[in-house]
Every structure is written in structure tokens, then in C-alpha cells.
Amino acid sequence: MAKTIKAVIFDWAGTTVDYGCFAPVKGFIDGFKSIGINITNEMARKPMGLLKIDHTRAIAAMLPEPIPEEQILKAYEVFETTLFSNIEQHCDIKDHVLETVAALREQGIKIGSTTGYTSAMMERVLQKAEEQGYAPDFCISADRVPKGRPYPYMIWHNLMHFGISDAREAIKVGDTAADIAEGKHADCWTVGVIMGSSELGLTREEVAALSENELKDRKALVRAAYYMAGADYIIDDMNELLHVVSDINRKLDQNAARKLLTPGPLTTRHSVKHAMLTDHCTWDDTYKAITTSVMNDITHIAANDDYATVLLQGSGSYAVEAMINGLCGKNEKILFLVNGEYGKRMLTIADKSRKLYEQISFDMTQPIDIGPVEKALQEDKDIAAVVFVHCETTTGVINPLEELVKLAKAYGKKVLVDAMSSFAAYDIDMPGLDIDALASSSNKCLEGLPGLSFVIAKKTLIEESRGNSPSHSLDLYDQYQGLYAGGGKFRFTSPTNVLLALRQAIDEYHKEGGLRARRKRYRKNHQVLVQGLEKLGIRSIVAPENQSYIITTFDLGNLDFSKLYETLKSNGFIIYPGKLTSMPTFRLGNIGDVYPKDMAALVTAISECICAR
Ligand SMILES: *Cc1c(COP(=O)(O)O)cnc(C)c1O
């Protein structure tokens, strides 16, 4: 179920206490003065947030000449003396901290903390803060962990203390780049506070003395520093933190793991989405090699090296359009066999591209019937190509691929197949059946992400298709030339991150055990679903022998779709409305990163919906 923020982990000086973070600055200046070196305020502040001995070393590293270790230790010693003498004067609680903490606690949110101060320093600070009413539930100092910031170890202690398993349920709030880095390394949400921060480095009096524009400019510099550090949120003052919490909670809810039972986009594995995190440029050799490997691997799922895969930017329909327009000559007549919305979409493509065509339409709940097709092929000698959808996702009907291809081939016709929702789930032997081309996309049974589609076609056919396409961006021949002659280079900007995800998705496909394993899982999913719903009196509208194991259309009966949708959504399932005009239906896909146990949970959720009526 949806996660929520469970803890806010605050930094101390400059964030919750010590406006402007002044306590350490004087200490560092005194410390370095004691070894005969004058440092500026800016130098003293730059590494702020680190454990103080690390901070001392970081300042030393900025000096033009290296200084010996014992000198650094001497400077640190003097720093400590100065700090201990003035730390108690720098424990003022910052604006809005007390009421914000109270409001967070009211929401059940724990208050954690981390600091670059040592435990001995914190003893004084904790006591002073408590006197003023601020006492976090947990505090750990950098000297208690093997490494302080930017390492995430202090945050880990907070998470352990609060029993939090997912760092995304915690927010780190700080006033330095080191704070943000610590939070990012821990994978928490990160928030930078501008006013009273070390990064701003001004006293209240100095702030008051600035003109409005000067202050604006100074704040913009702080904002830029937090932004560069990668902060998730940047706030002026602590009173904005509650908005941040509710905004994050909204995102966590929205991003809650839901199972999409829709046939594309579908539920994908974490590894597939994670593969998108690298930015690549299109002409880079590594990227081109990945593109080539993706095309080769796709080809070998259904064909051999007599065929080539041509990737296209765009959803599945782009590939269907490129296939029809590219592989059917200007004067070639096409026969479309239509038993669903995706078949109709091909007619629209043909109309808009002014293709010469005939069509035979069938009942949407039935597979394409061989009889009328044979009759048409006998009667109309002008027909050059037969085009149809393999699995009609509109209803879930599976068309008789083998019979249709054999028939068309017996008459010497070209065969183009929309195998969008069957590729990588059904065994399609392109060379064995002599299929000329098929179209599919990244976001169906390959379980990749939306944004890429492809045509697998006989190389000879593509090579003789030059000039067929009336479209430039969807010209299959040009795209093929670009991708193959260019060694994996897309003609136009490629969706690089989606391609990397597709590379990973193909690896996952093979890892699972390829076609056999994927088919087995989908079949089982489908079986659990259909049998479970049948027990509830919810029936599939397609006869079992014509039914694919990809998606199923169910009779909605007297159930209300939007109610069913909302209830299932709150249970973590997204379902699909029906597309039949003749009766109220709903559809359930069982492809994607979903398993029989998910199907069983879905059946339970539906049965609860029915009982609750
Ligand atoms: C998904 C799908 C398409 C392509 O639809 P897009 O929305 O363009 O991705 C085409 N045909 C079938 C059978 C499909 O299932």
C-alpha cells in the first residue's frame, strides 16, 4: 500500500538552531590563526556540515601549500576550545522550528537528527535546545559513525532507530551542500533551507540591513548551490516544510506500486525502469552498439538473419503505419482482415495514406474466418498483400495465424501481421511460415517501456521498398538505411532512455527463460483469472478456443465500471474498460510483471467489490 513520510531528519546548526551557523566559523578562524594562517569567512564555511575534524582538513586542503598533520591537529584543538567557549551562545532555536516540529509530531512523524558536531559538543547543544522546547526523538553525531557526511551512515542510524525500511519514507533537512549529499546518498528526500543557513552565512542584523534586491540575489545563490547539490525541495523558511511533507506524501501515493492489468503500458520490473537512469547521446559508439544488439536480439526472437528489425520512435501504431506504407507498393492492393479496433485502425492508416485496399470485417467476438478470405483471394487477382492483427487486443480474440498465412502464401501473397500484443508471448515462426513482416512494440510482451516500436521484415523486401512511403519520418526504408548503414544510428533523436530500458527488458526476457517461460506464466495468469472470476459468476465473452492468454474481455453484468475501477485502484490494481459497443464489458490484461499470485489477489479484490454492493 501507499507509503507516507515517517521521519524528518534535521541537521542542527544553521537548520534548527544557530541562525546563520556562526558557532563553528569563529572557531575555524581562530584555529588556523593559531598556526599562523589567516583564512576567510568563506573558506571557514565552505565545507560546513562535515564532521569538524574533516572540516578542518577540508579547509587545509584549500590552502596553497600543504600543511603537516600535527599543524592540522593543532588548529583543530584551538577550534574546539573556541567552539566550547561560545557554543552555548549559539543555540537559539530558528524561526518556525518549534511549531513545525509539533505539527509533524501530530501527524505521527518522528523527528530525527544528524550533525557534524561531536557528541561532546552536542551534549551542550541538546541541553540548551531542550530548555527552549526543542528535543528531537533521536540524535547522532558524526564521531559515532565510521564516516560523517557526505556518507549516509548517520541517517542509517536514524532509520534503524525508527524502524524504517524504506529511506523514501524519510526526509533530510539541512542548510549545506553536505547535508543534501548525505540525504541523497541515503536515498532520502532532501530539503535545503535558505534563511538562517550556513550557505547564506548572514546574521539576522546583516539580513535586515540588505535591500530587498540584495537579499533576493543572496538567496538566489543559496538556491543555486542547493539545486546543484541535487536537493529535492528548496524552502525559504521552516514554515514551508509541512507543504513539502504533504507534496511528498501525494507523490508517494501516486507512485504506489500498482499492478497495471492493461495491455500496454504495463507493469514493468524495477531493473527495466532503473536502466533508464543513464543519459546517452545518440551517435555515441557504445549507444549505437546497444541499439544494434537490441535489433538483433528482437530479430532472433521470431526470425533469422534473413530478416531485420527496424526500430521506430513512437508507439505501436507508428510501426504498423510504417510497415503498411513501407512494404506495400503504391499500386499494390491490400486485403485487410478486420475483427477489432486495431484492425480498424489499419484501415484508417490506409485511408489517410491513400492506399489501394479491400477489407473483410468479422464479428469482434470471433476470430477471422478462413472461408471469406479464400473467396476474396480467388476472386480478386489484384490483391498483393494480406494484413491482419494476430491477437486482437480489443477483445482478446486470437486469430488463426498459421492458417491465414498458409492460405495467403498458397495464393502467393505478401503477409504483414500486427503482432503487437502477441510477439514474445506466442511462438511466431516467421521464416517457417514465410511471414514477410510483423510489427510490435517495446511495451507489450517484451515488458519494456512505451516509446519504441519495431518492424521485423525480410531484408530483401525492405531493400526493394525504397520510395514506397509517403511519409518522411515513418519511412521504413530510410529508417532501415539509417540504422543499418549507420551502425545503429537513429535518423532522428532516439528515445535513448527507453532504448536502454528495452535492452534490459530483453535481458529479463531471456533471464526468465525466453518464450517458453513467459508463455507459461501468462497462461497460468490467465487461467487463475478466468477460473477465479467464473466462480464469481463473471464470464469471459470470447469462447475459450478463440481466447488469447494476453487479455480477456469480461461481461460487466450489472457491475458499475467506474466503481469497480476505483475500488480496485485503491487495492492496487488498474483495470481496463471494455471496447465492445454491443454490451457492457471490462478487460483484464495479464501480461507484464504480474504473477499468478497477483491474479489471485485481484480475484479476491473483485469478489470483495461484489459482496460490498
Ligand atoms: C497496443 C496495440 C497496438 C498499438 O497501439 P499503440 O497505442 O499505438 O501502442 C496495435 N495493435 C494491437 C493489436 C495492439 O495491442
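Here are some numbered notes to read alongside the structure above, which is a predicted model.

1. **The six-stranded sheet.** A good place to start is the open sheet whose six strands follow the order E3-E2-E1-E4-E5-E6, with parallel pairing. At its edges stand strand E3 (140-141) and strand E6 (233-235), each of which pairs on one side only. Try finding one edge for yourself: strand E2 (residues 110-115) and E3 run parallel and are joined by two bridges. To place that pairing on the residues, look for Thr 114, which stands opposite Ile 140 in E3.

2. **The three-stranded sheet.** Another open sheet has three strands in the order E17-E20-E19, and here the pairing is antiparallel. Strand E17 (551-555) and strand E19 (576-577) each have a single partner strand, so one side of each is left without a neighbour in the sheet. E17 pairs with strand E20 (residues 585-589) in the antiparallel sense, over five bridges. If you want one pair to click on, choose Thr 553, whose bridge partner in E20 is Arg 587.

3. **Helix H21, its length.** How far apart are the end C-alpha atoms of helix H21? They are 24 Å apart, which agrees with the 24 Å that its 17 residues (496-512) should span at 1.5 Å a residue. Just after H21 comes Gly 513, which has a positive phi, near 120°.

4. **Helix H21, its surroundings.** Many names are worth colouring here: the buried residues of H21 are Thr 496, Val 498, Leu 499, Leu 500, Ala 501, Leu 502, Arg 503, Ala 505, Ile 506, Glu 508 and Tyr 509. Notice that the buried list includes Arg 503 and Glu 508. What do these buried residues pack against? Their partners are helix H12 (270-274), helix H13 (285-302), strand E8 (307-313), strand E16 (452-458) and helix H22 (514-535).

5. **The largest pocket.** Now to the open spaces. The largest pocket has a volume of about 890 Å³. It is lined by 26 residues, and those closest to its centre are Asn 255, Ala 256, Ala 257, Arg 258 and Lys 273. Helix H11 (241-254), strand E7 (259-260) and H12 each supply at least two residues of this lining, and H12 gives the most, with three. By class, the lining divides into 12 nonpolar, six polar and eight charged residues. You have met H12 already, as one of the elements that the buried residues of H21 pack against.

6. **The second largest pocket.** This pocket has a volume of about 730 Å³. Among the 25 residues that line the second largest pocket, Glu 42, Arg 45, Lys 46, Ser 198 and Glu 199 are the closest to its centre. Two or more lining residues come from each of helix H2 (41-45), helix H8 (177-185) and helix H10 (212-229). Which helix gives the most to the lining? H10 does, with seven residues. The lining as a whole has 14 nonpolar, four polar and seven charged residues.

7. **One residue up close: Lys 259.** Lys 259 is found in strand E7, an element that supplies residues to the lining of the largest pocket. Is Lys 259 buried or partly exposed? Its relative accessible area is 22%, and buried means under 20%, so Lys 259 counts as partly exposed. Leaving aside residues up to four places away in sequence, Lys 259 touches Thr 267, Gly 572, Phe 573, Ile 574, Asp 593, Val 594 and Asp 598. For a sense of distance, the C-alpha atoms of Lys 259 and Pro 400 are separated by 30 Å, and these two residues are 141 residues apart along the chain.

8. **The cavities.** The structure also holds three cavities of 30 Å³ or more. About 70 Å³ of space lies in the largest cavity. Its lining has 13 residues, with Asp 11, Ala 13, Gly 49, Lys 52 and Arg 149 nearest its centre. That lining is made up of four nonpolar, four polar and five charged residues. The second largest cavity contains about 40 Å³ of space. Ile 301, Ala 302, Phe 423, Ala 424, Tyr 426, Asp 427, Ile 428 and Leu 515 line the second largest cavity. By class, this lining has seven nonpolar residues, no polar ones and one charged.

Methods: Residues are numbered from 1 along each chain as its sequence is written. This is a predicted model: local features need pLDDT of at least 70, side-chain atom pairs count only at pLDDT 80 or more; totals for chains, interfaces and linings use all residues. Side-chain values use heavy atoms; hydrogens and water are left out. On a 1 Å grid over the protein atoms alone, a cavity is a set of points where a 1.4 Å probe fits but cannot get out, and a pocket is an open set with protein on both sides within 12 Å along at least five of seven lines; lining residues have an atom within 4 Å of a point. Grid points are joined across faces, edges and corners, and a volume is the space filled by probe spheres set on the points. Ala, Val, Leu, Ile, Met, Phe, Trp, Tyr, Cys and Pro count as nonpolar, Asp, Glu, Lys and Arg as charged, and the others, Gly among them, as polar. Helices (H or I, at least four residues) and strands (E, at least two) are DSSP runs, numbered from the N terminus. The expected span of a helix is 1.5 Å times one less than its number of residues. Buried means under 20% relative accessible area, exposed over 50%, partly exposed in between (1.4 Å probe, protein chains only). Contact means heavy atoms within 4.5 Å. Two strands pair if DSSP finds at least two bridges between them.
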